[in-house]
Amino acid sequence: MTNTAIVEYPDPILRQIAEPVIDFDSNTHTLVAHLIDTLNATSGIGLCAPQIGQAQQVLVMDLSADKSQPEVLINPEIIKTAGFAICAEQCLSIPGIVAKIMRPSAVLFKAKNQHGESLEREYTGMHAICLQHEIDHLQGKLFIDRVSRIRSLLFRNTLSSLQAGKPSLTASTYNPS
Ligand code: ZN
């Protein structure tokens with residue numbers, strides 16, 4: 001299967017607002033297949049189209065242990081949130097950084113599947129965290145934006161290395177998405 005390289009920080013596409021999908025055609029299906037293949041080749045649980053270089057509102061998530069249950073969500077919109085949770089997050093596009101982020105712990109959202117059919121679901125726990133992380137990507141936001149300026153000093157060197165195109169020295173270990 002085709003595998004696509006993952007775009008890394010500070011590539012400007014990670015700061016673009018992704019376009020909604022209008023035609024659920026073979027291009028969309030190819031994009032979804034690439035996303036699933038690319039996610040499967042990583043230890044991550046979520047990936048979106050901008051991370052493989054296409055600024056479209058398409059994301060995939062797979063929280064199953066054997067990566068057998070990919071969920072495809074297109075043009076997702078959060079309707080309502082509740083509660084909060086603090087979770088250590090990381091991102092396949094920002095290797096080497098793990099940061100605790102506070103987000104709502106439950107999310108009601110609507111989206112389309114890859115056939116253009118509407119769906120509405122409620123996610124909690126890691127599903128909710130992963131979904132919000134990916135929806136942030138579609139809006140050009142990164143999880144490091146949600147860290148306070150003082151705490152972000154802790155990973156300033158890693159970001160500088162990524163900006164300079166040098167490999168990061170820090171290992172990534174936890175729930176990348
Ligand atoms: Zn990410």
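The legends below describe an overview and several close-up views of a predicted model.

Residues are numbered from 1 along each chain as its sequence is written. In this predicted model, local features need pLDDT of at least 70, side-chain atom pairs count only at pLDDT 80 or more, and totals for chains, interfaces and linings use all residues, while side-chain values use heavy atoms, with hydrogens and water left out.

**Figure 1. Overview of the protein, with 4 helices and 7 strands.** Helices (H or I, at least four residues) and strands (E, at least two) are DSSP runs, numbered from the N terminus. The order of elements from the N terminus is α-β-β-β-β-β-β-β-α-α-α. The C-alpha trace spans about 45 × 40 × 30 Å along its principal axes. The radius of gyration is 15 Å, which agrees with the value near 16 Å for a compact globule of 177 residues; it is taken over C-alpha atoms, and the globule rule is 2.2 Å times the number of residues to the power 0.38. Of the 177 residues, 46% are buried (buried means under 20% relative accessible area, exposed over 50%, partly exposed in between, with a 1.4 Å probe and protein chains only). Contact means heavy atoms within 4.5 Å. Among contacts with a separation of 6 or more, 66% are between residues 24 or more positions apart.

**Figure 2. Confidence along the chain, including residues 169-174.** pLDDT is the predictor's confidence in each residue, from 0 to 100. Its mean over the protein is 92, and 92% of the residues reach 70 or more. Over residues 169-174 pLDDT stays under 50, and the model has 7 contacts beyond four places in sequence for this stretch.

**Figure 3. The largest nonpolar core, of 17 residues.** A nonpolar core is a set of buried Ala, Val, Leu, Ile, Met, Phe, Trp, Tyr and Cys residues joined through side-chain atoms within 4.5 Å. The members that touch the most other members are Y9, I94, I97, F143, I144, F155 and L159. Two or more residues each come from β5 (99-103) and α4 (156-163). Beyond its neighbours within four places in sequence, I97 contacts E89, Q90, F143, I144, F155, T158 and L159. Another core, of 16 residues, lies apart from this one and includes M61, A128, C130 and L138. In soluble globular proteins, nonpolar side chains tend to be buried together.

**Figure 4. The salt bridge between D145 and R15.** A salt bridge is a side-chain nitrogen of Lys or Arg within 4 Å of a carboxyl oxygen of Asp or Glu. The whole structure holds 5 salt bridges. In the D145 and R15 pair the N to O distance is 2.7 Å. D145 is in the loop between α2 (125-138) and α3 (149-152) and R15 in the segment before α1 (26-40), so the pair ties together parts 130 residues apart in sequence. D145 is partly exposed at 40% relative accessible area, and R15 is partly exposed at 42%.

**Figure 5. The salt bridge between E71 and R121.** The closest N and O atoms of this pair are 3.7 Å apart. Because E71 lies in strand β3 and R121 in strand β7 (residues 118-124), the pair ties together parts that are 50 residues apart in sequence. E71 is buried, at 15% relative accessibility, whereas R121 is partly exposed, at 33%.

**Figure 6. The salt-bridge network of E89, R103, D136 and R146.** Within this network, R146 and D136 form a salt bridge, with their closest N and O atoms 2.7 Å apart. R146 is in the loop between α2 and α3 and D136 in helix α2, 10 residues apart. R146 is partly exposed, with a relative accessible area of 41%, and D136 is buried, at 5%.

**Figure 7. Surroundings of S93, in the loop between β4 (85-89) and β5.** S93 is buried, at 0% relative accessibility. A polar contact is a pair of N or O atoms within 3.5 Å; within protein, one must be able to donate a hydrogen and the other to accept it, and residues adjacent in sequence count only if both atoms are side-chain atoms. The S93 side chain reaches the backbone oxygen of V7 at 2.7 Å, and a polar contact of 3.0 Å joins the side chains of S93 and Q51. Apart from neighbours within four places in sequence, S93 contacts I6, V7, E8, Y9, L14 and Q51.

**Figure 8. Surroundings of S64, in the loop between β2 (58-61) and β3 (71-82).** S64 is buried, with a relative accessible area of 16%. The side chains of S64 and D62 are joined by a polar contact of 2.6 Å.
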